[in-house]
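I opened my notebook for this one with a few things to look up. Here are my entries, in the order I made them.

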Amino acid sequence: MIYRSIVERRLRRAFDALNRGDHAPVLAAFGAPVEHVFFGQHALGGARHAMASIVPWYARLKAVFPDLRFDIESVLVRGMPWNTVALIEWRDRFSLPDGTRRGNQGVHALRLKWGRVVSLRVYCDTQVLSSALRDIHAQGVTDAGLPPIVDA
């Protein structure tokens, strides 16, 4: 139980960092090997397995959604330190360049080994996300219309 509480606290702090626009704590949590997957065919979609492609993905996330904020609905942690699964259910909100407010909902599914994230899969409403990215791109944010960042 103590281990699960510690993992949940660390995950909540990671989302707090994302809410501040600080991706450094999130990036520091990744282990090796790593899998970073965001489903869908859009600027944030694709699979990455190297920090060389994960770091620019977070830069793009910030460029496209500079005021992105997550509200955590629930956190579930199961397993032992050498094989932990965590699910974070969230709702988010963000602004388009014209000031229009939008939001989405989803789940982050993580696998951790000895406190390091070795797999992150993001499940959200990709129709909502794709629509927002099209609108953001149409309003002048080039990154929102680029192809997915994937490993070279």
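The entries below go from the core to the salt bridges, then to one serine and a surface patch.

**Entry 1: the core.** I note at the start that this is a predicted model. I looked up the largest nonpolar core and found 39 residues in it. Leu11, Phe30, Tyr58, Phe65 and Leu110 have the most contacts inside this core. Helix H3, residues 51-64, gives the most to this core, with five residues. I then picked Tyr58 and listed its contacts, leaving aside neighbours within four places in sequence: Leu18, His23, Val26, Leu27, Phe30, His36 and Leu120.

**Entry 2: salt bridges.** How many salt bridges does a search of the whole structure find? I got six, and I wrote up three pairs.

My notes on Arg121 and Glu35 put their closest N and O atoms 2.9 Å apart. Arg121 sits in strand E6 (residues 116-124) and Glu35 in strand E1 (residues 30-38), so this salt bridge ties together parts that are 86 residues apart in sequence. I checked accessibility too: Arg121 is partly exposed at 30%, whereas Glu35 counts as buried because its relative accessibility is 18%, and buried means under 20%.

Next I looked at Glu73 and Arg91, a salt bridge with closest N and O atoms 3.6 Å apart. Glu73 is in strand E3 and Arg91 in strand E4, and the pair links distant parts of the chain, 18 residues apart. Glu73 is partly exposed, with a relative accessible area of 45%, and Arg91 is partly exposed with 43%.

The third pair I wrote up is Asp135 with Arg102, where the closest N and O atoms are 2.4 Å apart. Here helix H4 (residues 126-138) holds Asp135 and strand E5 (residues 101-113) holds Arg102, so the salt bridge ties together parts 33 residues apart in sequence. I have Asp135 as partly exposed at 26% and Arg102 as partly exposed at 27%.

**Entry 3: Ser95.** Is Ser95 buried or exposed? I found it buried, at 17% relative accessibility. Ser95 belongs to strand E4, residues 83-95. Its side chain makes a polar contact of 2.6 Å with the side chain of Asp67 and another of 2.5 Å with the side chain of Arg101. Not counting residues up to four places away in sequence, Ser95 touches Asp67, Thr100 and Arg101.

**Entry 4: a surface patch.** I also looked up a nonpolar patch on the surface, formed by Leu76, Val85 and Leu87. Together they have about 200 Å² of accessible area. Leu76 is in strand E3, residues 69-80, and is partly exposed with a relative accessible area of 37%.

Definitions and conventions
Residues are numbered from 1 along each chain as its sequence is written. This is a predicted model: local features need pLDDT of at least 70, side-chain atom pairs count only at pLDDT 80 or more; totals for chains, interfaces and linings use all residues. Side-chain values use heavy atoms; hydrogens and water are left out. Patches are made of residues with over 30% relative accessible area and no salt bridge: like charges are joined within 9 Å, nonpolar side chains (Val, Leu, Ile, Met, Phe, Trp, Tyr) within 5 Å. Accessible areas come from the Shrake-Rupley method with a 1.4 Å probe; for residues, only the protein chains shown count as cover. A salt bridge is a side-chain nitrogen of Lys or Arg within 4 Å of a carboxyl oxygen of Asp or Glu. Helices (H or I, at least four residues) and strands (E, at least two) are DSSP runs, numbered from the N terminus. Buried means under 20% relative accessible area, exposed over 50%, partly exposed in between (1.4 Å probe, protein chains only). A polar contact is a pair of N or O atoms within 3.5 Å; within protein, one must be able to donate a hydrogen and the other to accept it, and residues adjacent in sequence count only if both atoms are side-chain atoms. Contact means heavy atoms within 4.5 Å. A nonpolar core is a set of buried Ala, Val, Leu, Ile, Met, Phe, Trp, Tyr and Cys residues joined through side-chain atoms within 4.5 Å.
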